[in-house]
Amino acid sequence: MVRCAADELIKVDFTVNGRPATVHVAPRVTLADALRDHLGLTGTHLGCEHGVCGLCTVLVDGDAARACLLLACQVDGSEVVTVEGMGTPSDLHPLQQSFGSHHALQCGFCTPGQIMSAYDLLTAEEQPAEEDLPEQLSGVLCRCTGYRNIVDAVADVARAYPGGVPGPRNCGQPEPTLPRATLGGAGEQVDLERVDTGGPAEIAVPSGEPTAVITVDTVADEPINRIWAVIEDTPALTACLPGAEIVSDFGDDQYKGRMRVSLGPVRLAFLGDVRIVERDEQTHRVKVIGQAADASSGAVAAVVDLVAEPQAEGRTALRAVAELHMVGRIAQFGRGLVNDVSRDMFGQFAGNVEASARGEAPTEAAPASACAMAMTLIRSRVKALGRLLTGRK
Ligand code: FES
Ligand code: FES
């Protein structure tokens, strides 16, 4: 039995379509999501995601299984075959050929599940009775075809191969079938698994338009030299960022770090690489680039520019500008939510820098929370509405 915290990553080594594969996933990630989101094998479709429709059917150690009902960590050491392993466009498996020639698909959404389920049936029972086929194939739901042609396609293959259906035709080929998730355009890839390989990784920040740009301005009551002493000290600076921690210090201003963020009940743990690319004592400026991935929600690359400026009466203005490029589910959370959570996080960060400059420990770095942000957002919108109604600035 494997025990780990809900937001920790588990390394899963298994075989997919005859090739060794490794994913680093949170314990809640299903086999279907690991195949689709981490290995790019999107032929495994998801319909109901709770074991009813059969669209996600794959083979695990030779038996059909619902990939939406298995956790990825449960298949450690197993052999998994997906529809991509059955054949290639130029070398289709007989079942794939038969589905085509019998017009056994319309939209095709159920077809991967039908093929894998039919293969499982014909390997378990070489010559099933044709009258039993409708019931034997009923574990995968099709909303288009009326099933007649699906049954005909499978019956045809059973007749053509009385000694047993041939095995998968695309297992054990050396090259992967699909690219992994990318940030930005061509050549700007973020490998969702590279972040956990142990050593420093090259950081590639996309050049396109960021998903969000956050600017936070504050004025601290501490003098510039004290604020700068915090900003130039990377461990002290990291301690000021809510939910952030340094995991490894590789030297030469390169780090591996972890960042925890709460979005309602969902806790995300981003693990990735950070590099200080500029530290200028004259202009009191620090520039940081980083990239990190959460096992279930996607990846983010960031450029953070931090500038401190002396003000009158021994005070210091602090400006943080963060450009965030996101990919995966996190990019779908909505710019408003991402902006608000990030703004809250950088707001806490600025307060912690000031506290550290005073010689106090940063406030306990609570992970940024969407619930807290929702309240802040509601308060700010109510205030704005009040100003609008009363004509006050
Ligand atoms: S998606 Fe797995 S059974 Fe429906
Ligand atoms: S072909 Fe469309 S759901 Fe089966």
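This is a conversation about a predicted model and the reasons behind the words used for it.

Colleague: How do you know how confident the predictor was in the protein chain?

Modeller: Look at pLDDT, the predictor's confidence in each residue, from 0 to 100. The mean for the protein chain is 81, and 78% of its residues reach 70 or more. Two stretches fall below 50. Over residues 174-197 the pLDDT is below 50, and this stretch has 56 contacts in the model beyond near neighbours in sequence. Residues 365-374 are also below 50, with 29 such contacts.

Colleague: What makes up the secondary structure of the protein chain?

Modeller: It comes to 10 helices and 13 strands. Buried residues make up 41% of the 393 residues.

Colleague: Why is N17 called buried or exposed?

Modeller: Count its neighbours. N17 has 25 C-beta neighbours inside 10 Å. The cut-off for buried is 20 or more. So N17 counts as buried. N17 sits in the loop between β1 (10-16) and β2 (19-25).

Colleague: And how is H50 classed, buried or exposed?

Modeller: H50 has 9 C-beta neighbours inside 10 Å. Exposed takes 12 or fewer. Therefore H50 counts as exposed. H50 lies in the loop between α1 (31-38) and β3 (57-60). H50 and R66 are 16 residues apart in sequence, and their C-alpha atoms are 8.8 Å apart in space.

Colleague: What about H103, with its 13 C-beta neighbours inside 10 Å?

Modeller: Exposed stops at 12, and buried starts at 20. The value of 13 falls in between, so H103 counts as partly exposed. H103 is found in the loop between α3 (94-101) and α4 (111-124).

Colleague: What makes the phi of N17 and of H103 worth pointing out?

Modeller: Most residues other than glycine have a negative phi. Phi of N17 is near 50°, a positive value in a residue other than glycine. Phi of H103 is also near 50° and positive, and H103 is not glycine either.

Colleague: How do you know that the span of α4 is close to the expected one?

Modeller: Helix α4 has 14 residues. The expected span is 1.5 Å times one less than that number. That comes to 20 Å, and α4 reaches 20 Å from its first C-alpha to its last. The two values are close.

Colleague: Why is α4 called mostly covered?

Modeller: Of its 14 residues, 12 are buried. Among them are T111, I115, Y119 and L122. The buried residues of α4 pack against several elements, including β3, β4 (63-66) and α6 (148-160).

Colleague: What makes you say that the buried residues of α7 line one face?

Modeller: The buried residues of helix α7 (residues 224-231) are I224, I227, V230 and I231. Seen down the axis of α7, they fall within an arc of 125°, so they line one face of the helix. There is a general reason for such spacing. An α-helix has 3.6 residues a turn, so residues three or four places apart point the same way.

Colleague: Which residues have the most contacts inside the largest nonpolar core?

Modeller: That core has 50 residues, and the ones with the most contacts inside it are A67 and A72. Leaving out residues up to four places away in sequence, A72 touches V12, V23, V25, V29, T30, L31 and A34. A second, separate core of 42 residues includes I224, L268, A301 and M345.

Methods
Residues numbered from 1 in each chain as written. Chains lettered and ligands numbered in written order. Predicted model: local features only at pLDDT ≥ 70, side-chain atom pairs only at ≥ 80, totals over all residues. Core = buried A, V, L, I, M, F, W, Y, C linked by C-beta atoms within 7 Å. Contact = placed C-beta atoms within 7 Å. Helix = DSSP H or I, 4+ residues; strand = E, 2+ residues; numbered from the N terminus. Arc of directions from axis to C-beta.
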